[in-house]
Amino acid sequence: MTEEEKTIYDLIIIGAGPAGLGASIYSSRYKLNHLVIGEEVGGQVVEASEIENWAGEKSISGRDLMDKFIDQAKELGASIIGENVEQIEKKENDFEIITKNGNKYLSKTIILALGMKPRRMNVKGEKDFVGKGVSYCATCDAMFFRNRNVVVVGGGDSAAMAAQHLTEFADKVYLLHREPTDWEPSREEELKKTNKVEFISCENILEIKGDTRVREIVYLQDGENKNLPIEGVFIEVGTVPGVVLAKNLGVNVDDKEYIIVDQTQATNVEGVWAAGDVTTGSNKFRQIITAVAEGAVASGSIYRKLRL
Ligand SMILES: Cc1cc2nc3c(=O)[nH]c(=O)nc-3n(C[C@H](O)[C@H](O)[C@H](O)COP(=O)(O)OP(=O)(O)OC[C@H]3O[C@@H](n4cnc5c(N)ncnc54)[C@H](O)[C@@H]3O)c2cc1C
């Protein structure tokens, strides 16, 4: 049994993105004995090639920003474990957290900072070609599409950012989107300047086709099926919250599966708080700055509950 497994923590934070690490930084300052467990340490923001709206940094990559968060959290005393949590069980006085590797940790309170997962399009061929041309992470996979033609599907900022990143590798990037789009207008201007991006407006995506790898995408435009030959499909159609753990604990979620929190970031289950993209908090404005703020508020609420 490791030291971590023998300890009964004041707090275990599940999730190591901005919300979880923000909560950890405040928890160290409050001297809460805590542990952070997150599968992807750094969270989804590590996929962002450039962040320009985090106060104090004019421009920084998501990876570099999160490395700073991780360094600061560790420097203040946090233990961060890179594991997937499979189960949380409510015991009489505390919670038992069980990871995929079978490790067990005990805590008086929990912050769920579970973030988001990429939304699937659920079209024919999508599942079959994952890893064979279909990707949900341009930052991770763009380099495999050097000198190829690729398509990005989506109409938001993530799609525009993925397209921007892909222009550094691919020959041609199609941006296949429905109307209206909701990326920032400045992003569209930057994409046009590259002369590599072609915007295609469509009604729907119908199928991804190929043999051993992706070869084309079929979409509906003006009521007609159109075939676009490409070798990569980057899907950026949004995200869904990862709330399975929360629901199994009896935590209430809204109709879109976001964890319902009050102003203190508390859920309906005694001892369980939630923070970041996974919650209904911050007017559902899902950004790094709000995730960190929610983590800080949750940590402060737990401090008041345990110590005051
Ligand atoms: C490409 C891209 C660009 C973006 N650009 C910006 C930007 O410019 N500015 C901005 O403010 N925001 C941006 N965002 C949004 C920002 O990344 C999110 O708002 C922020 O990451 C939310 O933080 P979070 O901690 O709530 O969730 P996440 O970052 O999603 O972190 C969730 C954490 O929970 C962990 N987790 C989930 N389930 C489990 C489990 N069962 N067991 C263990 N760990 C688990 C994950 O591994 C991860 O560590 C961008 C996002 C993307 C994808």
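Two strands count as paired if DSSP finds at least two bridges between them. Strands (E, at least two residues) and helices (H or I, at least four residues) are DSSP runs, numbered from the N terminus. The model in these views is predicted: local features need pLDDT of at least 70, side-chain atom pairs count only at pLDDT 80 or more, and totals for chains, interfaces and linings use all residues. Residues are numbered from 1 along each chain as its sequence is written, and side-chain values use heavy atoms, with hydrogens and water left out.

**View 1. Five strands pair in parallel to build an open sheet.** Reading across the sheet, the strand order is β8-β15-β9-β10-β11. The edges belong to β8 (134-135) and β11 (197-201); each has a single partner strand, so one side of each is left without a neighbour in the sheet. At one of these edges, β8 meets β15 (residues 232-235) through two bridges in the parallel sense. To find your way around this pair, look for Ser-135, which stands opposite Phe-234 in β15.

**View 2. Strands β9 and β10 run in parallel and share five bridges.** Here β9 covers residues 149-153, while β10 covers residues 172-177. A handy landmark is Val-150, placed opposite Val-173 in β10. How many residues of strand β10 are buried (under 20% relative accessible area with a 1.4 Å probe, protein chains only; exposed is over 50%, partly exposed in between)? Five of the six are, so β10 is largely enclosed by the rest of the structure.

**View 3. Strand β6 pairs with β1, β5 and β17.** This close-up follows β6 (residues 104-112) and its partners, starting with β1 (residues 8-14), which joins β6 in the parallel sense over six bridges. In that pair, Ile-14 stands opposite Leu-112. Strand β17 (residues 272-274) is also parallel to β6, with three bridges, and here Ile-110 faces Val-272 across the pair. Strand β5 (residues 95-99), by contrast, runs antiparallel to β6 and is joined to it by four bridges. Glu-96 has Leu-106 of β6 opposite. Between β5 and β6, which form a hairpin, lie four residues. In the turn, Gly-102 has a positive phi of about 90°.

**View 4. Three antiparallel strands form another open sheet, in the order β12-β13-β14.** At its edges are β12 (204-210) and β14 (224-229), each pairing on one side only. On average, neighbouring strands here are turned by 25° against each other, direction ignored (axes are lines fitted to C-alpha atoms, for helices over the stretch in contact, and angles run from 0 to 180 degrees between N-to-C directions). Strand β13 (residues 214-221) is joined to β14 by six bridges. Tyr-219 and Lys-226 in β14 stand opposite one another.

**View 5. A shell of 29 residues surrounds the ligand.** A residue belongs to the shell if one of its heavy atoms lies within 4 Å of the ligand. The closest are Glu-40, Asn-53, Val-85, Asp-277 and Ile-288. Helices α2 (18-29) and α8 (288-307) each supply at least two residues of this shell. By class, the shell has 14 nonpolar residues (Ala, Val, Leu, Ile, Met, Phe, Trp, Tyr, Cys and Pro), five charged ones (Asp, Glu, Lys and Arg) and 10 polar ones (the others, Gly among them).

**View 6. Ala-19, Glu-39 and Asn-53 place polar atoms by the ligand.** A polar contact is a pair of N or O atoms within 3.5 Å; within protein, one must be able to donate a hydrogen and the other to accept it, and residues adjacent in sequence count only if both atoms are side-chain atoms. A polar backbone atom of Ala-19 is 2.9 Å from a ligand oxygen, and one of Glu-39 is 3.0 Å from a ligand nitrogen. Asn-53 uses its side chain instead, with a polar atom 2.9 Å from a nitrogen of the ligand. How much of the ligand's accessible area does the protein cover? The protein covers 91% of the 1000 Å² that the ligand has on its own (Shrake-Rupley method, 1.4 Å probe; for residues, only the protein chains shown count as cover).

**View 7. Thr-290 is buried, whereas Glu-75 is exposed.** Thr-290 sits in helix α8 and has 14% relative accessibility. A polar atom of the Thr-290 side chain lies 2.7 Å from the backbone oxygen of Phe-285. Glu-75 is part of helix α3 (residues 62-75), and its relative accessibility is 72%. The C-alpha atoms of Glu-75 and Tyr-258 are 32 Å apart, with the two residues 183 residues apart along the chain.
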